[in-house]
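Welcome! Please work through a few short exercises, trying each one yourself before you read its solution.

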Amino acid sequence: MEPKPRVEDETVKISVKLLKLISGEFDLESILFLKLTKMGICSLGCIDDCVNLERLDLSRNDISNLKPLASLRLLTVLNLSANRISNLDPLHACENLQSLNLAGNLISSFDALHSITDLKNLDTMRLKDTICSFSNPVCMNTSYLNTMLDMFPNIKVLDGERVSGRGSDLYQLCKNIDASLKEIDGSVPIHAPLVPKKWVEDGYWELKPMQQTQTDEAIEQFHGLVKECRELNSKAADVITKIRRTLRAAN
């Protein structure tokens with residue numbers, strides 16, 4: 001029996017043999033998911049032949065050139081954390097990308113991110129990971145958060161924190177509370193009386209008109225369908241009655 005190829009022999013450059021071995025697929029176009037972590041990969045090789053790839057994990061390698069990824073138009077989730085990436089231009093072609101992890105790379109300026117600002121489906125992005133101690137030089141910028149939100153207005157989750165959408169107001173409130181407590185601890189002596197401080201602006205807790213939720217819309221559509229079904233049932237009953245009368249008359 002011929003021995004199976006060893007993965008260790010192919011860890012520097014992605015090859016057809018490695019892709020087939022990892023995925024279990026004979027045809028590269030049939031591969032939808034790939035996890036190639038901690039393999040010492042420095043070249044993406046022929047990964048551009050996996051044109052139907054949807055989820056790709058290339059974390060903890062030595063990758064610096066992303067050019068082959070430009071062919072992966074169906075890619076939705078991409079993990080490139082802990083590599084040596086500084087140029088993101090090839091990702092501009094990944095128009096379906098929704099989630100992108102770039103923590104632990106060499107992205108040094110906001111200019112390096114401009115090439116992916118047109119990815120309209122991108123709503124989850126990570127440039128730093130405090131749990132794994134991954135970051136990028138650009139994260140040290142004092143205006144990092146505000147600039148990122150300006151550059152990517154569709155982002156809902158940045159660096160694991162929800163910045164827009166459902167739950168973002170509560171998250172921001174908790175951050176404000178935490179900041180206020182830290183400010184009190186650092187500036188007010190222990191023996192001094194604590195002066196109440198506003199955590200939110202006036203009118204924050206006032207009830208606002210509720211918009212129709214997706215659930216309400218679904219219920220309304222359901223009732224509409226039920227009404228249409230009843231009307232169709234009534235029409236069908238009328239047609240059947242008329243046919244019966246016609247048959248009786250003919251007999």
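The exercises below go from the whole chain to single residues of this predicted model.

**Exercise 1. The overall layout**

Find how many helices and strands the chain has, and in what pattern they follow along the sequence.

*Solution.* Step 1: count the elements, which gives 4 helices and 7 strands. Step 2: read them along the sequence to get α-β-β-β-β-β-α-β-β-α-α.

**Exercise 2. Surface and contacts**

State what share of the residues counts as buried, and how much area the chain exposes.

*Solution.* Step 1: the chain has 251 residues, and 30% of them count as buried. Step 2: the exposed area is about 17,200 Å², with 53% of it supplied by carbon and sulfur atoms. Step 3: turn to the contacts with a separation of 6 or more; residues 24 or more positions apart account for 38% of these.

**Exercise 3. A nonpolar patch**

Identify the residues that make a nonpolar surface patch, and locate Val239 in the chain.

*Solution.* Step 1: the patch is made by Val239, Ile243 and Leu247 and covers about 270 Å². Step 2: Val239 is found in helix 4, which spans residues 214-250. Step 3: Val239 counts as partly exposed because its relative accessibility is 46%, and partly exposed lies between the 20% and 50% cut-offs.

**Exercise 4. Charges and rings**

Search the whole structure for salt bridges and for aromatic pairs, then look at what lies over the face of Phe26.

*Solution.* Step 1: the search finds 1 salt bridge. Step 2: its partners are Asp129 and Arg126, whose closest N and O atoms are 4.0 Å apart. Step 3: compare how covered each partner is; Asp129 is buried, at 13% relative accessible area, whereas Arg126 is partly exposed, at 22%. Step 4: the search for aromatic pairs finds 0. Step 5: over the face of Phe26 lies Lys20, at 4.3 Å from the ring centre.

**Exercise 5. Positive phi angles**

Place Lys38 and Ala82 in their loops, and decide whether each is buried or exposed.

*Solution.* Step 1: recall that most residues other than glycine have a negative phi. Step 2: Lys38, not a glycine, has a positive phi of about 50°, and Ala82, not a glycine either, has one of about 60°. Step 3: Lys38 is in the loop between strand 1 (33-35) and strand 2 (55-57), while Ala82 lies in the loop between strand 3 (77-79) and strand 4 (99-101). Step 4: Lys38 is exposed, with a relative accessible area of 62%, whereas Ala82 counts as buried at 16%.

Terms used: Residues are numbered from 1 along each chain as its sequence is written. This is a predicted model: local features need pLDDT of at least 70, side-chain atom pairs count only at pLDDT 80 or more; totals for chains, interfaces and linings use all residues. Side-chain values use heavy atoms; hydrogens and water are left out. Rings of Phe, Tyr and Trp (its six-membered ring) pair if their centres lie within 6.5 Å; planes under 30 degrees apart count as stacked, over 60 as edge-to-face and the rest as tilted. A charge sits over a ring if NZ of Lys or CZ of Arg is within 6 Å of the ring centre and within 35 degrees of the ring normal. Patches are made of residues with over 30% relative accessible area and no salt bridge: like charges are joined within 9 Å, nonpolar side chains (Val, Leu, Ile, Met, Phe, Trp, Tyr) within 5 Å. Accessible areas come from the Shrake-Rupley method with a 1.4 Å probe; for residues, only the protein chains shown count as cover. A salt bridge is a side-chain nitrogen of Lys or Arg within 4 Å of a carboxyl oxygen of Asp or Glu. Helices (H or I, at least four residues) and strands (E, at least two) are DSSP runs, numbered from the N terminus. Buried means under 20% relative accessible area, exposed over 50%, partly exposed in between (1.4 Å probe, protein chains only). Contact means heavy atoms within 4.5 Å.
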